[in-house]
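Ready for a few warm-up exercises? Take a look at the structure below, try each task yourself, and then follow the worked solution.

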Amino acid sequence: MAAAPDKSRRPRKPADSMDRDELLKAYSTMLLIRRFEEKAGQLYGMGLIAGFCHLYIGQEAVVVGMQHCTGDGDEVITSYRDHGHMLAAGMDPKGVMAELTGRSGGYSKGKGGSMHMFSKEKGFFGGHGIVGAQVSLGTGLGFSNWYRGNDRVSLTYFGEGAANQGQVYESFNLSNLMKLPVVYIIENNRYAMGTSVERASASRDLSLNGVPWGMPSMAVDGMDVLAVKAAGEEAVAHCRAGKGPFLLEMKTYRYRGHSMSDPAKYRTREEVQKMRAEHDSLDHAKARLIELGMDEAALKKIDDGVKARVQEAADFAQSSPEPEPGELYTDVLVEG
Amino acid sequence: MVDILMPALSPTMTEGKLAKWLKQPGDEIKSGDVIAEIETDKATMEVEAVDEGKLEEILVPEGTEGVAVNTVIARMGGENAPAAQPDPPAPAPAPATPATPAAVHKTVTEIPEAGWGETRPMTVREALREAMALEMRADGDVFLMGEEVAQYQGAYKISQGMLDEFGPKRVIDTPITEHGFTGMAVGAAMNGLKPIVEFMTFNFAMQAVDQIINSAAKTLYMSGGQMGAQIVFRGPNGAAARVGAQHSQCYASWYAHCPGLKVVAPWSAADAKGLLRAAIRDPNPVIFLENEILYGHSFECPVSEDFVLPLGKAKVEREGTDVTIIAFSIMVDVAMKAADALAELGVSAEVINLRTIRPLDIETIATSVKKTSRVVSVEEGWPFAGIGAEMIAVVVEHCFDWLDAPPARVAGIDVPMPYAANLEKLALPQPEWVVEAVKKFF
Ligand SMILES: Cc1ncc(C[n+]2csc(CCOP(=O)(O)OP(=O)(O)O)c2C)c(N)n1
Ligand SMILES: [Mg+2]
């Protein structure tokens, strides 16, 4: 069960949203996601992963910061760009990587692939390939919490491209009408495939897209895990208090192509390099940790530990056998 | 030393051209640096470094075509170069390879059509582009809209160059709002414009299916013939390679079920060019089901600017006397391969390429089945209430007394598409399945 809400809480200043130990934990999860995704990219290039594979590199602070505001029992749902969300939810990197290689040790026994993984145990509801569809589904997760009268919250993630889909606004209306506990999180990484947000949305401030329904919202620096946590806390508290949904627009950036095949002609190399050099979420967290007294050697140790975990996952993903041919026919309907 | 390998950059890529090196031997490379540019038939893509170190040696010079995935293209050294590729700890099962090779060229058995005139080899991709461009030059009311069709040049590069030629008013990038832009296009068509709506894939047309069925397909009827919608909905349909359950399904039978729509599924480049032009000119809503894997396939295609094919006419792609194999889209490849294999067994198979699924060319089918007395339908989609079921009903209705064996159907396995390489292969019809079905007739 999620922790009881502290109704007296006010949003804290970003710098105060995590103490050193918590920031260190967030930093290692972010690093795990970064290294995991780099490895996935490598395995794709070797032909061990196929189909669509959308990397989360650059956006790590968003999901990690949000995860630090929630607890057991809260739900997470997102699009196909889902590896980071699963790792942040505490799913095993081995099972995620083995799903990427389509092996029986994967979270969906190899039947789902990069875009479609789920974990009932960790409250992760997928992994969805149809742009925007998860927003209504996430609203339904919130509905189920409202129906049962618990204080759980649904974290519903979607891209700024998805934010133009009609069902997003149908969901906003429903959740505000019924006061459902849903935190809608727009991961505005500025591009939907090759289309920049300016070319796709007439709304110049996506954080205001819930205004007609009276939905409270915030625009957040999604490259700063501390700022994400500070905003996320307020949003989650609002939902837990039964006041209805909350909208967070995370301003973030994806460093890699949309999926593995990406002509990269819609933005300049300089733009990407500038984001990496000046706004990287890992660099930012690391600098803050050093300010808080961590030394480089300790951080290096964390890095080594993360690398070893990722290598272990990659090894597992290659040695795990392919699914048995009979698996083709299972799980279509519940039998019996 | 660390080997840099030719990477696979898309679901169907098996080889590519090493277009350009952006780093030279001696350069220090940081993770994330772009080191080279690679061209495939779809796009030019950048290769980013994963490891850090110094580029020691370039093994494949720029400009080299047909570099296979996983070829060592360069070597990197330097103290901080970590091991580039993990050593697989235990021999793993066969590594995942795309289910279908990218560029299988066409079988030689196709019968050239009378009256085609001069032909040249053309990919299905080029043929589709040419069809749209020819129609747009001829008729100012025709325009193209969809996601990434303009500036990006098309997610699958079908509309490459069209923004340049026709400008942003006639080649329109839409947001990801299928339901909205489809309704908008249908509305425009009700008022006399002739939209071509590209769905990035037909999987996403599900978001818009209400406007296709309830608005586009029914308006003519509901208005007592006053107004309809001259509109083409086109895009890739069916399985590509390893893209999983939500991105791999065949919609032929879904749309064919609905009166008020025409449903077309080209196989060759000539089909693509001739049928798409006819679809754009047809005064009705037409669902035009393409296939991503076929986009890069090349076929002899008529060069004539007047070349158009009629909707509603199937084509006998190969003549035979013992059995009729009916297929559409990429399953014509499967049927042709099966016919080759059957020939070796002494069975002469006739292959019908449906071209149009609705209206169905019953005459061509019945003529063939009356000659061969045996029939098998082949489709990639699911069997239940599929096109094969319709095909067999038609054959039974029209050729019952001529049949020597119960009609058979080959279809995709009745499950959502799995991602795993081995399972995906098991889910999609193979030529051997057709051969086995035919063997049971004798
Ligand atoms: C309904 C639908 N339309 C189109 C697509 C193809 N598509 C996949 S991802 C994508 C871009 C989405 O961009 P955004 O929502 O910003 O998310 P991001 O990829 O940036 O995380 C598109 C057009 C799809 N999967 N589903
Ligand atoms: Mg985006």
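**Exercise 1. Find the helix that holds F143(A), and decide whether this residue is buried or exposed to some degree.**

Solution. Keep in mind throughout that this is a predicted model.
- Step 1: locate the residue. F143(A) sits in helix α5 of chain A, which covers residues 133-148.
- Step 2: check its accessibility. The relative accessible area of F143(A) is 31%. Buried would mean under 20% and exposed over 50%, so F143(A) is partly exposed.
- Step 3: look at its partners. F143(A), W146(A) and Y147(A) make up a nonpolar patch on the surface, and their accessible area together is about 360 Å².

**Exercise 2. Describe the site of the magnesium ion (ligand 2): which protein donors does it have, and what is its geometry?**

Solution.
- Step 1: list the protein donors. They are E160(A) (OE), E160(A) (OE), N189(A) (OD1) and Y191(A) (O), at 2.1 to 2.8 Å from the magnesium ion.
- Step 2: read the spacing. Along the chain, the donors follow E-x28-N-x1-Y.
- Step 3: place two of them. E160(A) is in the loop between β3 (154-159) and α6 (166-178) of chain A, while Y191(A) is in strand β5 (residues 191-192), so the pair ties together parts that are 31 residues apart in sequence.
- Step 4: check for burial. E160(A) has a relative accessible area of 3% and is buried; Y191(A), at 9%, counts as buried too.
- Step 5: judge the angles. Ideal angles for six octahedral donors are 90 or 180 degrees. Here the six donor atoms give angles of 50 to 175 degrees, and the site is irregular.

**Exercise 3. Work out whether the radius of gyration of chain A fits that of a globular protein of its length.**

Solution.
- Step 1: take stock of the chain. Chain A has 11 helices and eight strands.
- Step 2: compare the radii. The globule rule gives 20 Å for 336 residues, and chain A comes out close to that at 19 Å, so it is as compact as a globular protein of that length.
- Step 3: add the outline. Along the principal axes, the C-alpha atoms of chain A fill a box of roughly 60 × 50 × 40 Å. Buried residues account for 62% of the 336 residues.

**Exercise 4. Now do the same kind of check for chain B: what is its radius of gyration?**

Solution.
- Step 1: count the elements. Chain B has 12 helices and 22 strands.
- Step 2: compare the radii. A compact globule of 442 residues would have a radius near 22 Å; chain B has 24 Å, which agrees.
- Step 3: add the outline. The C-alpha trace of chain B spans about 80 × 55 × 40 Å along its principal axes, and 60% of its 442 residues are buried.

**Exercise 5. Pick out some salt bridges and say where their residues lie.**

Solution.
- Step 1: start with the total. Over all chains, there are 38 salt bridges.
- Step 2: visit one in chain B. R318(B) and D340(B) form a salt bridge, with their closest N and O atoms 2.6 Å apart. This pair links distant parts of the chain, R318(B) being in strand β17 (residues 315-318) and D340(B) in helix α8 (residues 331-344), 22 residues apart.
- Step 3: compare the two ends. R318(B) is buried at 13% relative accessible area, whereas D340(B) is partly exposed at 28%.
- Step 4: try another pair. E165(B) and R137(B) meet in a salt bridge of 2.6 Å, N to O. They too link distant parts of the chain, with E165(B) in helix α2 and R137(B) in helix α1, 28 residues apart.

Technical notes:
Residues numbered from 1 in each chain as written. Chains lettered and ligands numbered in written order. Predicted model: local features only at pLDDT ≥ 70, side-chain atom pairs only at ≥ 80, totals over all residues. Heavy atoms only, no water. Patch = residues over 30% accessible without salt bridge, like charges linked within 9 Å, V, L, I, M, F, W, Y side chains within 5 Å. Areas by Shrake-Rupley, 256 points an atom, 1.4 Å probe, with all protein chains shown as cover. Salt bridge = Lys/Arg side-chain N within 4 Å of Asp/Glu carboxyl O. Helix = DSSP H or I, 4+ residues; strand = E, 2+ residues; numbered from the N terminus. Buried < 20%, exposed > 50% of the residue type's maximum accessible area, 1.4 Å probe, protein only. Donors = N, O, S within 2.8 Å, 3.2 Å for Na, K, Ca; no water. Tetrahedral: all angles 85-135°; square planar, octahedral: opposite > 155°, others 65-115°. Rg over C-alpha atoms; globule rule 2.2 N^0.38 Å.
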